[in-house]
Amino acid sequence: MERTLVILKPSAIQRELVGEVITRFERKGLRLCGIKMMQLDDDILSEHYGHLKDKPFFQRLKDAMMTTPVIVTCWEGLNAINVVRNMTGSTNGQNAVPGTVRGDFSMSMQENIIHTSDSEENAAIELNRFFRPEEIFEYRKCCFDYLYASDEV
């Protein structure tokens, strides 16, 4: 099983989409392993978005991510990173396919509702950045046997 980070951005908080987004992942069959609300600061955002530091929108992005608290979540499932990214849609909400989170709720490149990890390596780094080990939980979903065939897991 694979784990991935999902951040519900200030645009999701302000537009009251938290429950809708979480429900989509739950209905898909992903297992919620960790969840918390936190206020991000410049230090953690500079680290998290460090790969964008030379982009002209870097400071604007960090400022936008600090306007409200965010909800950070850890999801687990078979190929969870790819599943979550497919459910999320293109970064630019205007180009995201209807039926995806961004396709249904975003008209912006920046105010695009959600951040998701893009690889196993980055998921591990990002989960460690936002969660202490004791904040990620292990448990078996009662419907597990109905989510996957026995030879898939």
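Begin by selecting K9, P10, S11, L61, A64, M65, Q110 and E111, the residues that line the largest cavity. The structure on display is a predicted model.

**The enclosed space**

With these residues shown, colour the helices that contribute to the lining. Two elements, α1 (residues 10–14) and α4 (residues 58–65), each give two or more residues to the wall of this cavity. The largest share comes from α4, which supplies 3 residues. Next, colour the lining by residue character: the cavity wall comprises 4 nonpolar, 2 polar and 2 charged residues. The volume of the largest cavity is about 40 Å³. How many cavities of 30 Å³ or more does the model contain? The count comes to 1.

**The open space**

Now turn to the largest pocket, which holds about 570 Å³ of space. To centre the view there, select Y49, H51, L52, T91 and H115; of the 24 residues that line the pocket, these lie nearest its centre. Then display the elements that give two or more residues to the pocket lining: α3 (residues 42–48), α4, β4 (residues 114–116) and α7 (residues 120–130). Which of the elements provides the largest share of this lining? That element is α7, with 4 residues. Colouring by residue character once more, the viewer will find 7 nonpolar, 9 polar and 8 charged residues around the pocket. Helix α4 merits a second look at this stage, for it contributes two or more residues to the lining of the largest cavity and likewise two or more to that of the largest pocket.

**Strand β1 and its partners**

Proceed to strand β1 by selecting residues 2–8. Is this strand largely enclosed or left open by the rest of the structure? Strand β1 is largely enclosed, because 6 of its 7 residues are buried, where buried denotes a relative accessible area under 20%.

Add strand β3, residues 70–77, to the selection. Strands β1 and β3 run antiparallel and are joined by 7 bridges. To inspect one position along this pairing, select E2 in the company of G77, the residue of β3 that stands opposite.

Finally, bring β4 back into view. Strand β4 pairs with β1 in the antiparallel sense as well, here over 3 bridges. Select V6 together with T116, its bridge partner in β4. Strand β4 thus links two stops of the tour: it gives two or more residues to the lining of the largest pocket, and it pairs with β1.

Technical notes. Residues numbered from 1 in each chain as written. Predicted model: local features only at pLDDT ≥ 70, side-chain atom pairs only at ≥ 80, totals over all residues. Heavy atoms only, no water. 1 Å grid on protein atoms, 1.4 Å probe; cavity = no way out; pocket = protein on both sides within 12 Å on 5 of 7 lines; lining within 4 Å. Points joined across faces, edges and corners; volume = space filled by probe spheres on them. Nonpolar A, V, L, I, M, F, W, Y, C, P; charged D, E, K, R; others polar. Buried < 20%, exposed > 50% of the residue type's maximum accessible area, 1.4 Å probe, protein only. Pairing = 2+ DSSP bridges.
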